Amino acid sequence: QPQRVITRWGFAASPERGRDLKAMNAVKLTTEGVLVPTRYGTDVMPAWNEVSSIVDLVRIFPRIGGEAFERSYVKGYGEGAEVADDADYHASDTEFGFVSINKSKITVYTEEDEGVLKLPDIDYDAEILNGVRVALRKRIARQILIGPGTSNRITGIFASNYDSSNPKAGAIDPSTDLSLATIDEGTLDEIIFSYGGEEDVESGAALILNKADLKAFAKLRDGNGNRVHTISYNGNTGLIDGIPFIVNSACGVLSAAGTAPDTYCMAYGHLTNYGLAIFSEIDIQRSTDYKFRSGQVAHRGSVYVGGNVIKWNGFVRVKKATS
């Protein structure tokens, strides 16, 4: 009998081998002394979403094979003035600026035992490969906000500070930042009317915030106990009184008492005011050469990207005020 089993299955493992072995109803001894078949699932439940959809909503610049590029913007226009007929024309210039978007290399590496690839009914290998892609996108989604803009790092919205000594570093004047101590019934209006130029109230902009602060908006009540805001949501995005929002866990929590002063907690603006340069496609590879003797299968993923705010004061940023 043992010989027939060996002949039937052979010595080479395969996905079918695992499934067929389990079909023979592996058993265990219960406390009642009865042998009960052990059953196995055929799929794996996914994790909660860990990638903010901001990564798909900012402006994308395909620059495959590039290293860096610069993006120009208009800071403002002059204004005319009246002069006498025989006087010189009034001088007034259009002011320009530009930012650099430099290459950042983001990588992920993981290993799995060859048994995970060959034996289970559940396709763990596909989930591991998908996990590599998710990890890369998760990093980019966070760096769009908090990337420091240093060497080999994306410049995030919270780091895109204009500096006259290094104008390429960013396009946001830090003096436009809002400092708020907490979230109350006037917070949303304060943010909306602080964004943009003096002549327009901008529509179509989105609020980027932490889920904990979204909860704080939802819990606000007026004197009659009614909700202050009407909130609808669909996973990572939704509307607050018709204003689009995006949840991103990289944001600080304005409503938390323990959040340090000057921590950036929210950003409000048109998402296309942030430019994400794609210098390479996401590259995911598998190798059985490394640790061949121990039967390990290696997976690695990489992508070259860069990012920066590409419009003058393209976002108004909210930071925690000193109590």
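Trp-312 is buried, with a relative accessible area of 18%, a value that falls under the 20% limit for burial. The model described here is predicted. Trp-312 sits in the loop between strand E15 (296-309) and strand E16 (315-320).

**Aromatic pairs**

The structure holds 5 aromatic pairs. In one of them, Trp-312 is stacked with Tyr-73, with 6.1 Å from centre to centre and 10 degrees between the planes. This pair links distant parts of the chain, since Tyr-73 belongs to strand E4 (residues 68-76) and the two partners are 239 residues apart. Tyr-73 also counts as buried, at 5% relative accessibility. Together with Tyr-162, Tyr-73 and Trp-312 make up one aromatic cluster.

A second pair consists of Tyr-195 and Tyr-268, and its planes stand at 80 degrees with the ring centres 5.4 Å apart, so the pair is edge-to-face. Here too distant parts of the chain are linked: Tyr-195 is in the loop between helix H6 (187-192) and strand E8 (206-209), whereas Tyr-268 is in strand E12 (residues 264-269), 73 residues apart. Tyr-195 is buried, with a relative accessible area of 6%, and Tyr-268 counts as buried at 1% relative accessibility.

| Aromatic pair | Centre to centre | Angle between planes | Type |
|---|---|---|---|
| Tyr-73 and Trp-312 | 6.1 Å | 10 degrees | stacked |
| Tyr-195 and Tyr-268 | 5.4 Å | 80 degrees | edge-to-face |

Charged side chains also lie over aromatic rings. Lys-75 is placed over the face of Tyr-162, at 4.1 Å from the ring centre; Tyr-162 is the ring that shares a cluster with Tyr-73 and Trp-312. Arg-63 lies over the face of Phe-69, at 4.6 Å from the ring centre.

**Nonpolar cores**

The largest nonpolar core has 41 residues, and those with the most contacts inside it are Ile-140, Ile-157, Ile-208, Tyr-274, Val-305 and Phe-315. Helix H5 (residues 124-146) supplies the largest share of this core, 6 residues. Apart from this core lies another, of 24 residues, which includes Leu-188, Ala-205, Leu-209 and Val-318.

What is Val-305 in contact with, leaving aside its neighbours within four places in sequence? The contacts of Val-305 are Asn-102, Lys-103, Ser-104, Ile-106, Ile-140, Ile-154, Leu-276, Ala-277, Ile-278 and Phe-279. Of these, Ile-140 is also among the core residues with the most contacts. Phe-279 lies in the loop between strand E13 (274-278) and strand E14 (283-287) and counts as buried, at 4% relative accessibility. Phe-279 and Asn-102, both in contact with Val-305, are 177 residues apart in sequence and 9.5 Å apart in space, C-alpha to C-alpha.

**The seven-stranded sheet**

An open sheet of 7 strands has the order E7-E16-E12-E8-E11-E10-E9, and its pairing is mixed. Strand E7 (178-180) and strand E9 (231-234) are the edge strands, each pairing on one side only. From one strand to the next, the twist averages 25 degrees.

Starting from the E9 edge, 4 bridges join E9 to strand E10 (residues 237-240), and the two run antiparallel. Within E10, Leu-239 is the bridge partner of Ser-232. Helix H7 (residues 211-219) packs on the sheet, where it touches E8, E9, E10, strand E11 (243-247) and E12; the direction of H7 makes about 115 degrees with that of E8.

E10 and E11 are also antiparallel, joined by 4 bridges, and Ile-243 in E11 is the bridge partner of Ile-240. These two strands form a hairpin with 2 residues between them, and Asp-241 in the turn has a positive phi of about 50 degrees.

On its other side in the strand order, E11 is next to E8. E8 and E11 run parallel and are joined by 3 bridges. Ile-208 stands opposite Ile-246 in E11, and Ile-208 is one of the residues with the most contacts inside the largest nonpolar core. E11 is largely enclosed by the rest of the structure, because 4 of its 5 residues are buried.

**The chain as a whole**

The chain has 7 helices and 16 strands. Of its 323 residues, 35% count as buried. Among contacts between residues at least 6 apart in sequence, 72% join residues at least 24 apart. The pair of Tyr-73 and Trp-312, 239 residues apart, is one example of a link between distant parts of the chain.

Technical notes
Residues numbered from 1 in each chain as written. Predicted model: local features only at pLDDT ≥ 70, side-chain atom pairs only at ≥ 80, totals over all residues. Heavy atoms only, no water. Core = buried A, V, L, I, M, F, W, Y, C linked by side-chain atoms within 4.5 Å. Buried < 20%, exposed > 50% of the residue type's maximum accessible area, 1.4 Å probe, protein only. Contact = heavy atoms within 4.5 Å. Phe/Tyr/Trp six-rings, centres within 6.5 Å; stacked < 30°, edge-to-face > 60°. Lys NZ or Arg CZ within 6 Å of the ring centre and 35° of its normal. Pairing = 2+ DSSP bridges. Axes fitted to C-alpha atoms, helices over the stretch in contact; angles between N-to-C directions.
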